Amino acid sequence: MKATYSYDTLFPIGTVDPKVWSSFTEHLGRSIYGGIYDPDKPFSDKNGFRTDVKEIVKDLNLGVIRYPGGNFVSNYDWKDGIGPKEDRKKRMDFAWSTVEPNQFGIDDFCTWAKEVGIKPMIAVNLGTGTIKSAAQLVEYCNHDSGTYWSDLRIKNGHREPYHIKYWCLGNEMEGDWQAGHMTATQYADKAREAAKMMKWVDPDIKLVACGSSYEMLPTYLKWDEIIMKQLYPYVDYISTHNYNMNSGQGTQNFLASWKQLDNHIQNTKNVLNYSKSLQPKFKNKNIKICLDEWNVWNMQDIKMDSLDDLNGMTTFELTDAKKWEEHPAILQEKYSLLDALVVGGLGITILNNVDSVEISCLAQLLNVISPITTDEDGHLLKQTIYYPFELLTQYGRGEVLKPHVESDTQHTDYGDVPVVETATVYNKDHQQLHIFALNTDTKNDATLVIHLNGFNSVKLTGHTTLTGDDLKAINTFDKPNNVTPTALSINNESLNNLNLPKASWNVLTVDVTK
């Protein structure tokens, strides 16, 4: 198998925004409780924050973290999570059939976010919540002082406002499973009024409209068309979600599912272009995509005959918990090497769409469909998918170059796609190129040829690969290094003859001068 990719610095796709490498944490399972927050434990600080989690999140250098949901937010009253902890009431969480103790709320999250060096992206409840409550949350968080809600923040021990810039107008409101589900017209009306009031409180905030989530929904894309007729003047982003599942499609299709995400993003781009054409007064305004949930999710502990079961589902049936437990250990997916290769491929797709995708959040960060797992005894595990995500956050920064591709192809459910898929990022500050390459051939190594124009000199200086003989291999607390990246020796390898192991995800480092 052979693939030739040609790049020229004159033809960039776009520059990677720092928010492209972001994440998401929800009041779901052990994402918050036992993940971020584990009070009265020797491995937690005075605020109850796990110190091992803080350190690993700092190392990832993420842009934003979305909070507090997710499905959870559509029946959540943020006022339950502020003030003295002993006065906070326990509530039913209908999204995940659990009990929310409200010992962690907006103040706790913003304090933690500052300590780990990320910016919060806060979702407001536009399901059962009101537009007034959404505006009051902005007031509580961002207004300096002198009003009821800002002074209450100060009374609660937080003198300085949080100046939260990014706000999501609800979550998956087109889904029947969402508390307060509504039609596109109903959502557009409510979101418009919420946007107005929230920006009256703080005109500098950026708003994310709740766009079409999943292709399986009957309203897919039509929802976007309807809501953007009203919301285009008021919002800065439109959201979409994408989870890839290894379920009955075969290994080859799963490895090629980066193309499904690419198609999904292209669909949202097309709707935005159409919506812009209907807004002549805003011809200079370009709304960007917020891919605020993406990952591999194999739904290992959800009882479900087919994806159709999601339509109209009021509560999820989970195999690992009974109803109405407090933060049970649910949705703790165990990720394989195969899953990690697919996550790496999805990261490549995100890079190749940075002209429109400005925010993307790996869902989720801790314990729930996540790259990082913690246990009750203070141990932390990097799952297989942690490694491609970490390498993307480290090296996927700079200017993404547009390729010309000549490659052997394979037939998949997504059409004929290259056996090798790549993304190339030029970091001008470090005078380096980083080439991310996925070889989807499970039986044969592939030869990758890279042609680069616009540089005076190029030199291959590093090759890291994630691969292995057992695609089902996972990392465990007992064997945490079953699946880890390997640094290969360069020897006489050149950009004209790069060997990519079978079923592998690779990062190639090239020193350049201009």
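**A tour from the strand 15 pairings to the barrel**

Begin by selecting strand 15 and strand 18 (residues 420-427), which run antiparallel and are joined by 3 bridges. Strands here are DSSP runs (E, at least two residues) and helices are likewise DSSP runs (H or I, at least four), numbered from the N terminus; two strands pair if DSSP finds at least two bridges between them. Within this pairing, select Val 400, whose bridge partner in strand 18 is Val 425.

The model is predicted, with local features requiring pLDDT of at least 70 and side-chain atom pairs pLDDT 80 or more, while totals for chains, interfaces and linings use all residues. Residues are numbered from 1 along each chain as its sequence is written, and side-chain values use heavy atoms, without hydrogens and water.

Next, add strand 1 (residues 2-15), which is joined to strand 15 (residues 399-407) by 8 bridges in the antiparallel sense. Here Thr 15 has Glu 399 as its bridge partner in strand 15.

Now select helix 10 (residues 386-395), where 7 of the 10 residues are buried (under 20% relative accessible area, with a 1.4 Å probe and protein chains only). The buried residues include Tyr 386, Tyr 387, Pro 388 and Phe 389.

Turn then to the barrel, which 8 strands close in the order 2-3-6-7-8-9-10-12 with parallel pairing. Neighbouring strands of this sheet are turned by 30° against each other on average, direction ignored.

For one pair within it, select strand 3 (residues 64-67) and strand 6 (residues 119-124), which pair in the parallel sense over 4 bridges. Val 64 stands opposite Lys 119 in strand 6.

How values were computed:
Axes fitted to C-alpha atoms, helices over the stretch in contact; angles between N-to-C directions. Buried < 20%, exposed > 50% of the residue type's maximum accessible area, 1.4 Å probe, protein only.
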